[in-house]
Amino acid sequence: MITQIKAKGHNSLVITKLGKSYYWPMVAPSGEIIPRPVELSLPYKCQIVTASLGYNFAMLVSKSGHVFSFGKDNSVGQLGHGDTEARLIPTMIEGLRNEKVVSISCGYKHTICKTGLGKTYTWGWGGRG
């Protein structure tokens, strides 16, 4: 059963009641575009509870509050890993490992999130605020 649906630009993502997430279109490591929903590869027993999409990137929040990001565009650090390397599979944002994120929202090339303690974090392009 699908519990959440997200879409932005050409990208779509769904989350199921069991915490699985599916994204499309997906870019395979070979560069091939896969136009159908693809289950995202996540650590064992990791359940996704919410997500947000930016321009050619995505953020996923797990039940434990960890944030995973992936995307073919990381030109201004919008994936949150402190670099500008694209990530084709969801990768945990290590800088937030000790936080329990409860909500997240992506803009064009930036992200903002809130923790259970009320802290906010932002990353990516901050050219307009």
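Me: Before we look at cysteines, what counts as a disulfide here?
Reply: A disulfide is a pair of cysteine sulfur atoms within 2.5 Å. This is a predicted model, where local features need pLDDT of at least 70, side-chain atom pairs count only at pLDDT 80 or more, and totals for chains, interfaces and linings use all residues. Residues are numbered from 1 along each chain as its sequence is written, and side-chain values use heavy atoms, with hydrogens and water left out.

Me: OK. How many disulfides in the whole structure?
Reply: Zero. Cys46 is in none, and its nearest cysteine sulfur, that of Cys113, is 16 Å away.

Me: Why is Cys106 not bonded to Cys113?
Reply: The two sulfurs are 9.9 Å apart, which is too far for a bond. Cys113 holds the closest cysteine sulfur to that of Cys106.

Me: Is Cys106 buried or exposed?
Reply: Buried, because its relative accessible area is 7%. Buried means under 20%, exposed over 50%, partly exposed in between (1.4 Å probe, protein chains only).

Me: New topic. Where does Asn11 sit?
Reply: In strand 2, residues 11-16. Strands are DSSP runs of E, at least two residues, numbered from the N terminus. Asn11 is buried too, at 6% relative accessibility.

Me: What does its side chain do with Tyr23?
Reply: The side chains of Asn11 and Tyr23 make a polar contact of 3.3 Å. That term means N or O atoms within 3.5 Å; within protein, one must be able to donate a hydrogen and the other to accept it, and residues adjacent in sequence count only if both atoms are side-chain atoms.

Me: And which residue is the bridge partner of Leu13 in strand 3?
Reply: Tyr23.

Definitions and conventions. Helices (H or I, at least four residues) and strands (E, at least two) are DSSP runs, numbered from the N terminus. Two strands pair if DSSP finds at least two bridges between them.
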